[in-house]
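Welcome, and please load the model in your viewer. We will go from one selection to the next, with a short stop at each.

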Amino acid sequence: MRTEKTATLENEPELVRRAKSGDQRAFTELVKKYESTVYSFAFKVCRDEEPAAETLQDTFVNVYRKLNQFNGKSKFSTWLYQIVTNNCLMKRRKSKLEQQSVSLDSAGSSHTGQDPEDEVHPIHTVPLTETTPQDDMVNKELREHLDKAILMLPMDQRIAFILRDVEGRSSEEAAKILKTSVPALKSRLRRARVFLQKQLQEYMKA
Amino acid sequence: MTMKKIKAIRCTEVAKYVCENLDEQIDSPLCRKIKKHLQECPDCAAQLRSLKNTVGLYRRYPAPALPADCHKNLMTALSAITRTR
């Protein structure tokens, strides 16, 4: 995890063991440790604060109910991410946003009818934004465009992109969270990257 | 003159490989071939930069901090289920 508090990291297996045995304080410690991480990830997936807050709540309710099923074979954070991811997928299914989603294949090939992977040239690239003291500040218009583009991705590709490229997790861990193979994860990633690149090219050209 | 049988790698192949393995630490014969191609093909190099810039924009997009009421609501919901156990 990139953002979780690290103070109790070495005690995590013990914390999990205590929480599993019914120690409420240990469970609260786990919640406090990971709530920001879960909320941040859920926000990155749904790009909206309200569903992110709902996902946060659903996730920890599920963690509480399923904690006995955690066997310690993977990291607790990996198991937690599997639950958040599942909640994001379920929320997506319930949401009307599903109807607004477009097939990556049709969107990516809309200009030429070619497979997006084969569309290498001519190049309209996404320029590097200037490095300024406000480098972390992405302007409102660009943010809206980034949100719009990522929300058009199918959920499995979106989550693959966020785990691997935004949160910087390894391909192996991202694959484990998505319960898929590394090659399948990389294939989703490739499609997501190409799609987002194309969407941003259009924005930069406009 | 010695003729080396080096099969030229196609730009589409490079694009696919780069798209799948961006930021991966790989040292394979294929990877070295790709790197060489990227040094010699300005179009593919530009494509790679563009891809990195796209990822960079999302990486720099900050997620909001956890709102205080969100934490409070979560703790309330959890107390409710722990009481019923």
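**A walk through chain B**

Begin by selecting chain B and colouring it by secondary structure: read along the sequence, the pattern is α-α-α-α. That comes to four helices and zero strands. Keep in mind as you look around that this is a predicted model.

Stay with chain B and switch on a surface. The chain exposes about 5,600 Å², and carbon and sulfur atoms supply 55% of that area. Of the 85 residues in chain B, 45% are buried.

Next, draw the contacts within chain B, keeping those between residues at least 6 apart in sequence. Among these, 53% join residues at least 24 apart.

Now select the cysteines across all chains. How many disulfides does the structure hold? The count is zero over all chains.

Zoom in on B:C41 and show its side chain together with that of B:C44. The closest cysteine sulfur to that of B:C41 belongs to B:C44, at 3.7 Å. A disulfide needs the two sulfur atoms within 2.5 Å, so this pair is too far apart for a bond. While you are here, check the surroundings of B:C41: this residue is buried, with a relative accessible area of 13%.

For the last stop, select B:C70, which is in no disulfide either. Its nearest cysteine sulfur is that of A:C46, so add chain A to the view and draw the distance: 11 Å. Is B:C70 buried or exposed? With a relative accessible area of 6%, B:C70 is buried.

Key: Residues numbered from 1 in each chain as written. Chains lettered and ligands numbered in written order. Predicted model: local features only at pLDDT ≥ 70, side-chain atom pairs only at ≥ 80, totals over all residues. Heavy atoms only, no water. Buried < 20%, exposed > 50% of the residue type's maximum accessible area, 1.4 Å probe, protein only. Helix = DSSP H or I, 4+ residues; strand = E, 2+ residues; numbered from the N terminus. Contact = heavy atoms within 4.5 Å. Areas by Shrake-Rupley, 256 points an atom, 1.4 Å probe, with all protein chains shown as cover.
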